[in-house]
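I opened this notebook to keep track of what I looked up in one structure, entry by entry. The entries go from single residues to ring pairs and then to the chain as a whole.

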Amino acid sequence: MNQNNNDDMFDEEIEQEIEIDADSLVLANELLPDSLPIIPLRPRPAFPAILIPLTISGIEKVKIIQHANESDTKTIGLVLVKNVDGKDEPDNLHKIGVAGKIVKVINAEEDNIQVLVNCLERFSLGELHNTEFGLYGNVEYHLEKVQGKHQELKAYSMAIISTLKELVQINPLYSEEIKMFLGRSSMDDPGRLADFAANLTSADGQELQQVLATIDVRQRIEQVLVLLKKELEVSRIQSKISKQIEDNISDQQRQFFLKEQLKTIKKELGLEKEGKVSEIEKFQKRLTGLTLNDEAQKAVDEEIEKLQLIEPSSPEYNVSRNYLDWLTILPWGKNTTDSYDIAKAKKALDRDHFGLEDVKERILEFIAVGKMKGEISGSILCLVGPPGTGKTSIGKSVASALNRNFFRFSLGGMRDEAEIKGHRRTYIGAMPGKFIQAMKQAASSNPLLMLDEIDKIGASFQGDPASALLEVLDPEQNSSFRDHYLDVPFDLSNVLFIATANQLDTIPAPLLDRMEIIRLSGYILAEKVEIARRYLIPKALKSHGLTKNKIAIRKTALETIIDSYAREAGVRGLENKIKKIMRKAAMEFASDRKDKIVVSKKNIEEYLGKPIFSKDELFKNVAGIVTGLAWTSMGGVTLQIEATAMPSNNKGFKQTGQLGNVMVESSEIAYSYLMGHLKEYDMPENFFDTHFVHLHVPAGATPKDGPSAGITMATALLSMITGKKVCDQLGMTGELSLTGQILPIGGLKEKTIAARRSGLKTLIFPAGNRKDFEELPDHLKEGLEVHFAKTYRDVYNVAFKFNNYCNLPPCTVAAWVNNNSSIQW
């Protein structure tokens, strides 16, 4: 059974009943029955002298109401339940309730009835018993006594009236209830006033039941005053919240109306178009002069039509707008005119780079082929070389020579496939991949894209970017490259791709197969001197605010810097040393120095400190130490291999220096070869049986691997056993087999450069590398005595028999060679 004192559906009926049936209302002193049909109430109790509407559900309860309505007194007992979710059982009913007379039945159905009840007096519930019509209970009434003039009660009454006035000011709805109460009761009756005030509050049902159960008027009115104060505070907070919400809504509505008015005014005056219209016109203007393929044009048309139907406030609007922004900003069909002027290209390459003649020649050949074909398309070059050799700057020079727009981005560390092919538009913050972004920046459909560090691309659970590159770098596929974000084909076939790498080992074979490799091996001392003089020193002077009138670096100083401080294959270390000199010079001039600074070989240590490399460190003319040549991703290097032996009853062989598996195998091959050929090389046949041999490659913190140190290891072991020293200007490289054959190696150019950089004069290479050496530029071969060995006997003859002649004049050396025809030159 539900109760609601303010139910709108009964307002009209209540007013009519007051006007029409006022004579039928039961007076307070009228005799009431001792036994009443009991109606459980939820969720709040009824109070005396209050006319309330009731909606009662349930067949049994409808019957008891109808039976009571047919009786003479038409009286029922209204009792609040203790537990709202409990059953209508005697144990779940409070002991204090209110007797009420049914004034009018408004709507009656079989299982539902609506009635108006005029509440009369409190009663205490006695014994309960079930009848054929429902639950009946014996009751004892607590008739409200007329209170005399009592000042304290009057004060309480005034306080309640004052609080009610405040409530009416906050919530005018209370005024209607007060009018109804005044029409039937008097404000001078404190008991009725308390009941009426309690009924007005939104207090919890159990709190209101405590008021109903309080028979003493003074205690009751005191409890009601507390409830009223709480209600007043709640009403104030509610009013404050409502006012804030109304203010916000009013402000938003005001802004909305003003904006709409402003739009209308601007539209009428022709000052400004609506934002959406302006955006669509901007996209349509961009399409002028572009040549979109059919699929892309269809996507643009559909998206513009969709954008016209979407409100700007919709989340879908920004998604559609961003998609159109990308589709219309790409350079569809916009090409720059290629320049095939070979002389201009050669001038640009020579202007920006010194040396690298073989690389320049290959690039000029590439441009010449484009000139004959009439186009340069479907080309992917890969520049491989140590850091600081000018790979990226060569790409810029090629773009300048071809008159193409240039854009560079790095693939190093890229681990997400979406970086290449973009994100799907369903994701928040989705964007196209790097290649589509690059095309936007390049602003032409035939730019030169530089892909830096392609050998350092990664892979993760998010995909394999190297595999995604296969489509981009395949001339047969990239004419219809489909980015995940755009989801329409874009033509990349006119793009010239130039990738850079330090090594090829980490590039997947399918990707490597799509690229044409051009190697940059590094620079020798003379080339570095010219690069420093032409490019690095002027650049450093400008960046440090100096001029050539304030500081000069002599050629001898540059040679010393290159030889003792910056021996790497590239020039980045050399550039850093020159910058260090410039910083110290700037400090001196900032400290009021006036005269010019001249940096020479004598005073170079004042600016750079003690040399990092020295001749004594590299060349130790000691038995058991041999200089080898090696290749690394940083370029060619020299390394020394040391061998020693300790007398021992247990023979053994140990290698140190953080050697890789292949290098360990090479050392074991050298050990086994010499063990089987001791007599052939005039060595004690029982040497390995009585000695424990230790082979070491210095710089133990650096990992080393590869087969090309085989002959160097064998020579170091042989030098240690015989006690013969190897010439300190001799370097060698080659793979040794168990039968003593010398097999070809790779990286010959890098190793030759490293030998020149380190001051080696005599070199031993495998005979299979003769053709590679002959292809080297003359300036690299100049001044080198090179021997090509087929077997280890050839190496032995050069390293030991030729040892005493390695410092003789060339004519004497030549005469000696004529008598030793087994040497391969």
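**Entry 1: a lysine in a helix.** I take two residues to be in contact when heavy atoms of theirs lie within 4.5 Å. The model I am reading is a predicted one, and I started with Lys360, which I found in helix α12, residues 357-373. Setting aside the neighbours within four places in sequence, I listed Leu349, Asp350, His353, Phe354 and Gly355 as the residues in contact with Lys360. Two of these entries come back when I look at polar atoms: the side chain of Lys360 makes a polar contact of 2.9 Å with the side chain of Asp350, and the side chain of Lys360 also reaches the backbone oxygen of His353, at 2.7 Å. Is Lys360 buried or exposed? I noted a relative accessibility of 8%, and since buried means under 20%, Lys360 counts as buried.

**Entry 2: an isoleucine in a strand.** I went next to Ile498, which belongs to strand β13, residues 496-501. Its relative accessibility is 2%, so I entered Ile498 as buried. Leaving out residues up to four places away in sequence, I found that Ile498 touches Leu381, Leu383, Gly395 and Val398, and also Leu448, Leu449, Met450 and Leu451. For one of these partners, Leu448, I looked up the backbone separation as well: the C-alpha atoms of Ile498 and Leu448 are 7.3 Å apart, although their positions lie 50 residues apart along the chain.

**Entry 3: a lysine in a loop.** Lys761 sits in the loop that runs between α26 (748-758) and β24. With a relative accessible area of 42%, Lys761 is partly exposed. Beyond residues up to four places away in sequence, I recorded that Lys761 touches Gln729, Gly783, Leu784 and Glu785. The C-alpha atoms of Lys761 and Gly783 are 7.1 Å apart in space, for a separation of 22 residues in sequence.

**Entry 4: aromatic pairs.** How many aromatic pairs does the count come to? I noted 17. One of them joins Phe765 and Phe788, whose ring centres are 6.4 Å apart and whose planes stand at 45°, so I entered the pair as tilted. Phe765 belongs to strand β24 (residues 762-766) and Phe788 to strand β25 (residues 785-789), so this pair ties together parts that are 23 residues apart in sequence. Phe765 is buried, at a relative accessible area of 0%, and Phe788 is buried too, at 3%.

I then turned to Tyr796 and Phe800, whose ring centres lie 5.2 Å apart with the planes at 40°, so that this pair is tilted as well. Why are these two separated by about one helical turn? I put it down to their positions, because Tyr796 and Phe800 are 4 residues apart in helix α29. An α-helix has 3.6 residues a turn, so residues three or four places apart point the same way. I entered both as buried, Tyr796 at 4% relative accessibility and Phe800 at a relative accessible area of 7%. Following the ring pairs further, I found that they link Tyr796 and Phe800 with Tyr673, Tyr681 and Tyr792 into a cluster.

The helix itself was worth a line: α29 spans residues 792-801 and is mostly covered, with 8 of its 10 residues buried. Among those buried are Asp794 and Asn797, along with Val795, Val798 and Ala799.

**Entry 5: charges over rings.** I looked up two cases in which a charged side chain lies over an aromatic ring. The charged end of Arg425 sits over the ring of Tyr323, at 3.8 Å from its centre, while Lys440 lies over the face of Trp326, at 4.6 Å from the ring centre.

**Entry 6: cysteines.** How many disulfides does a search of the whole structure find? I recorded 0. I also looked up two cysteines on their own: Cys119 is buried at a relative accessible area of 1%, and Cys382 counts as buried at 0% relative accessibility.

**Entry 7: the chain as a whole.** I closed with the totals, beginning with a secondary structure of 30 helices and 25 strands. Of the 825 residues in the chain, 47% are buried. The accessible surface comes to about 41,100 Å², and 50% of it belongs to carbon and sulfur atoms. Among contacts with a separation of 6 or more, I noted that 75% are between residues 24 or more positions apart.

Methods: Residues are numbered from 1 along each chain as its sequence is written. This is a predicted model: local features need pLDDT of at least 70, side-chain atom pairs count only at pLDDT 80 or more; totals for chains, interfaces and linings use all residues. Side-chain values use heavy atoms; hydrogens and water are left out. Buried means under 20% relative accessible area, exposed over 50%, partly exposed in between (1.4 Å probe, protein chains only). Accessible areas come from the Shrake-Rupley method with a 1.4 Å probe; for residues, only the protein chains shown count as cover. A disulfide is a pair of cysteine sulfur atoms within 2.5 Å. Rings of Phe, Tyr and Trp (its six-membered ring) pair if their centres lie within 6.5 Å; planes under 30 degrees apart count as stacked, over 60 as edge-to-face and the rest as tilted. A charge sits over a ring if NZ of Lys or CZ of Arg is within 6 Å of the ring centre and within 35 degrees of the ring normal. A polar contact is a pair of N or O atoms within 3.5 Å; within protein, one must be able to donate a hydrogen and the other to accept it, and residues adjacent in sequence count only if both atoms are side-chain atoms.
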